[in-house]
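Subject: Structure handover and notes

Dear colleague,

I am passing the structure on to you with this message, and my notes follow below it. Please open the structure beside the text while you read.

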Amino acid sequence: MYKIILINIHELWLKGKNRPVYMNVLKKHINKILKLNHQGEVSFFKDFQRLIFVSEIPFQDETISAIRKIPGIHSLMLARECKKDLESITPILLEEMGKFGLEEFSFKVDTTRSDKTFPIFSPEVNKILGGEILEKFPKAHVDLRKPKIVPEILILSKFIFISVHRIMGIGGLPVGMSGHLITLLSGGIDSPVASFMMSKRGCSQSFVFFHSYPFVGEEVVEKIFSLSKILGQYQSGCRLYVIPFGEIQNLISKKCREEYRTVFFRKFMIEAANYLGDQIGGDALLTGDSISQVSSQTIGNLSILDKSSWRPIFRPLIGLNKGEIIEKAHEIGTFETSILPHDDACSLFAPLRPVINPSIKYWEKFSEEFQIKEDLLNCVKNAKVYEISPKGILSLLDKN
Amino acid sequence: MLYLDFAASAPIRPSVLRILEESFRMDFANASASHKLGREVAKKVENCREFFLKSVKGDSLYDLIFTSSATESNNTIIKGIKLKEGDKAFFCHGDHPSIVVTGKNLLRTGVLVEKIPLKADSQIDQEKFLTLLDDKIKLIVLSEVNNQSGVFNDCGILAKKIKGLNKEIHIHLDAVQSFGKFDLNLEDGLFDSISISSHKIGGPKGVAGLFIKKNLQIVPLLEGGNQEFGLRSSTLSVPLILGFETAFLECMENREKKFLLAKNNFLILREELKKRIPSIIFPFGDVGTSSPFILVFAIPKISSDILLRHLEAKNIYVSSSSACSSKIKDFNLSYVELGLPLDLNKNVLRVSFDERVNEDDIFYFIKTLDEIYGDLRHLI
């Protein structure tokens with residue numbers, strides 16, 4: 001149990017003059033998570049591009065795993081501090097090493113001397129402390145290539161930190177630095193993965209689900225809730241819009257050629273998502289499309305759908321195989337929820353032979369004749385809106 | 001709102017609510033207590049018991065115990081009568097789970113469990129059934145009205161034939177869907193036990209009944225204070241029992257007239273739906289073989305959960321074959337057992353009501369369903 005967390009920032013070298021802004025956004029996000037998860041008072045320091053959080057009481061495991069999910073963090077180090085002299089390091093370091101309960105292990109002391117005024121150079125510190133460890137644990141040995149334990153010593157301007165636990169974050173950029181996305185969730189495996197990937201790239205998001213009630217039931221919404229709760233943990237507070245879409249789908253089905261149903265459903269979902277984006281501010285749409293995975297994701301269908309959007313459509317999974325997507329879904333913990341059986345689209349609507357190479361001529365003619373802007377705006381207006389806290393708690397927002 | 005799912009649970013009757021309120025307030029004493037208050041509430045229960053027994057002409061041959069649900073009543077018999085390894089028991093596998101599941105579990109004790117044969121219209125094939133009877137058979141469970149199909153079996157006639165062949169067979173009747181609607185006459189003592197339920201007739205949930213032949217030996221499910229002749233230990237819920245009685249009382253007022261009213265609604269439904277939706281199928285027989293309080297139909301190619309939600313969106317509530325199991329892509333096994341073709345398995349809707357649903361309601365339902373069908377027919 002540690003009272004100090006050091007945060008190493010990812011991709012910091014890329015940012016140049018933006019760096020202070022990035023640091024600030026990340027700091028705010030971490031503070032938000034701490035406020036939601038941690039009981040004690042926390043003080044904050046910045047030292048040589050590291051964020052340091054010091055608490056009066058130890059950080060719980062749940063808090064640490066919540067912080068791990070914050071985009072932009074390269075790694076977290078759970079640390080102890082000591083006075084700025086070499087003698088103070090040794091007892092703490094040996095105590096920390098002892099906690100592993102091992103006799104035989106390989107290790108490599110890794111010292112970072114950020115404070116260049118510190119009188120002893122890093123290699124020397126490594127050597128001295130390595131010697132102390134070997135003396136206390138005679139069966140241990142130094143391995144510079146593949147050490148089992150890497151005790152890290154950080155010599156900063158005011159403190160020395162000792163850490164034997166470095167936990168990797170998800171990397172990427174702090175949320176909010178890369179614009180706002182309207183994320184189309186379907187309840188399947190892919191869209192949650194797409195959402196995660198763009199959270200990691202620093203995009204804040206609003207989730208959208210098109211609910212085809214009464215053609216499909218309420219179970220699918222429960223599933224979307226569960227997925228949103230997981231995805232919301234990579235955001236610093238976001239919203240879910242459940243847009244009623246059953247009537248629109250039936251309306252489209254009555255007018256368009258059967259084989260075009262699915263693509264036209266998607267066209268009008270994209271339009272509705274754009275209208276929502278107009279209202280709440282969205283820079284781009286996000287979908288979980290992977291090229292040619294299903295008939296509506298052929299290059300012909302995707303290209304034609306792009307014409308309906310007045311925002312760019314991001315498709316981060318476009319070049320991934322299903323297996324790769326599934327692997328990611330396991331990693332972020334959405335897979336088990338995604339595969340719960342549900343009716344995502346009513347079987348009544350499913351065309352017998354869905355179109356693969358849509359005719360531009362028919363597409364344009366239908367789009368011209370079938371104007372439902374008002375209906376779409378109405379659907380967006382009637383959406384149920386839910387707040388999702390970064391802790392993954394979902395609550396219905398009273399729009400009044 | 002139009003509620004048409006009475007076979008699942010009927011709305012509580014206002015008269016019952018009044019009794020419940022009063023009794024919860026006044027009858028708080030424990031009916032097993034020896035003081036005056038206790039004796040008074042115990043007396044109320046005994047009067048109530050007598051009323052039930054006399055109403056079904058069962059007072060000389062039967063006892064009535066109050067249980068918490070018809071599921072408990074069915075369990076009490078199926079688990080409680082003494083069957084030994086090698087004995088045979090007959091069930092209809094399309095019946096309520098409290099019969100089918102409990103029945104199938106008898107297999108574990110070495111009891112042979114057999115299916116009661118059904119005809120194409122899913123009525124019991126009496127002739128065939130009687131040929132299957134032998135002296136190993138110790139238990140037969142019959143349902144007067146099947147809850148999923150609404151199919152009615154004249155179990156009195158059947159029981160008479162069975163007892164004619166073998167007096168020793170225990171015949172248990174599940175009268176849950178027929179009680180308070182059909183005439184129940186236990187004068188002949190043909191059944192050995194009968195389950196009835198309160199909430200299906202507008203009484204409170206949490207109370208049901210089990211008529212059993214006097215001196216019948218059963219192993220109780222619940223042991224303790226020896227209430228209910230030692231067959232069901234538990235403090236009696238006097239208000240629920242009185243509520244049940246009130247609901248039954250109301251059902252018995254002009255019972256035959258109410259039956260005719262239901263029959264009229266049933267016939268209107270059948271005729272009008274057929275007129276408007278020509279492809280509609282009524283898979284379970286006609287008014288002669290069905291309870292008039294339950295109408296089952298299927299519209300080919302439209303799965304019933306979709307119709308159920310479209311009706312629900314219009315504030316009309318019915319029951320569907322795939323309502324609670326739409327997540328599970330399996331078939332509804334009761335309907336498979338009842339002989340429904342597999343391609344209709346997920347298309348069945350059940351409309352059920354009692355005398356409180358009038359002709360206007362029925363026409364409103366027909367009109368709404370017709371509109372929904374019109375809105376969806378381009379998809380099939």
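What follows covers the conventions, then the interface, the aromatic pairs, the salt bridges and a single residue.

This is a predicted model, in which local features need pLDDT of at least 70 and side-chain atom pairs count only at pLDDT 80 or more, whereas totals for chains, interfaces and linings use all residues. Residues are numbered from 1 along each chain as its sequence is written, chains are lettered from A and ligands numbered from 1 in the order in which they are written, and side-chain values use heavy atoms, with hydrogens and water left out.

The interface

Chain A and chain B each bring 16 residues to their contact, where contact means heavy atoms within 4.5 Å. About 1400 Å² is buried between chain A and chain B, and carbon and sulfur atoms give 55% of it; buried area here is the accessible area (1.4 Å probe) that two parts lose on being put together, summed over both. Of the area that chain A buries against chain B, 38% is supplied by Tyr213(A), Pro214(A) and Leu348(A), which is more than any other three residues supply.

Between chain A and chain B the count is one salt bridge, a term that stands for a side-chain nitrogen of Lys or Arg within 4 Å of a carboxyl oxygen of Asp or Glu. Lys254(A) and Asp375(B) form a salt bridge in which the closest N and O atoms are 2.3 Å apart. Helix α7 (residues 246-255) of chain A gives the largest share of the side of chain A that touches chain B, namely three residues; helices (H or I, at least four residues) and strands (E, at least two) are DSSP runs, numbered from the N terminus. Sorted by class, the side of chain A that touches chain B holds eight nonpolar, four polar and four charged residues, with Ala, Val, Leu, Ile, Met, Phe, Trp, Tyr, Cys and Pro counted as nonpolar, Asp, Glu, Lys and Arg as charged, and the others, Gly among them, as polar.

Aromatic pairs

Over all chains, the count comes to 34 aromatic pairs, the rule being that rings of Phe, Tyr and Trp (its six-membered ring) pair if their centres lie within 6.5 Å, with planes under 30 degrees apart counted as stacked, over 60 as edge-to-face and the rest as tilted. The pair of Phe105(A) and Phe137(A) is edge-to-face, because the ring centres are 5.4 Å apart and the planes stand at 65°. Since Phe105(A) lies in the loop between α3 (86-98) and β5 (106-107) of chain A and Phe137(A) in the loop between α4 (122-136) and β7 (141-142) of chain A, the pair ties together parts that are 32 residues apart in sequence. Phe105(A) and Phe137(A) are both buried, which means under 20% relative accessible area, while exposed means over 50% and partly exposed in between (1.4 Å probe, protein chains only).

A tilted aromatic pair is formed by Phe264(A) and Phe366(A), at 4.4 Å centre to centre and with 45° between the planes. This pair links distant parts of the chain, 102 residues apart, with Phe264(A) in helix α8 (residues 261-280) of chain A and Phe366(A) in helix α12 (residues 360-369) of chain A. Phe264(A) counts as buried at 0% relative accessibility, as does Phe366(A) at 5%. Ring pairs also link a cluster made of Tyr260(A), Phe264(A), Phe268(A), Tyr362(A), Trp363(A), Phe366(A) and Phe370(A).

Salt bridges

The count of salt bridges over all chains is 40. In one of them the side chains of Asp5(B) and Arg350(B) meet at 3.1 Å, N to O. Asp5(B) lies in the loop between β1 (2-3) and α1 (14-26) of chain B and Arg350(B) in strand β12 (residues 348-352) of chain B, so the pair ties together parts that are 345 residues apart in sequence. Both Asp5(B) and Arg350(B) are buried.

Arg13(B) and Asp354(B) form a salt bridge with the closest N and O atoms 3.3 Å apart, and Arg13(B) and Asp354(B) are likewise buried.

A single residue

Lys127(A) is found in helix α4 of chain A and, at 64% relative accessibility, counts as exposed.

With best regards
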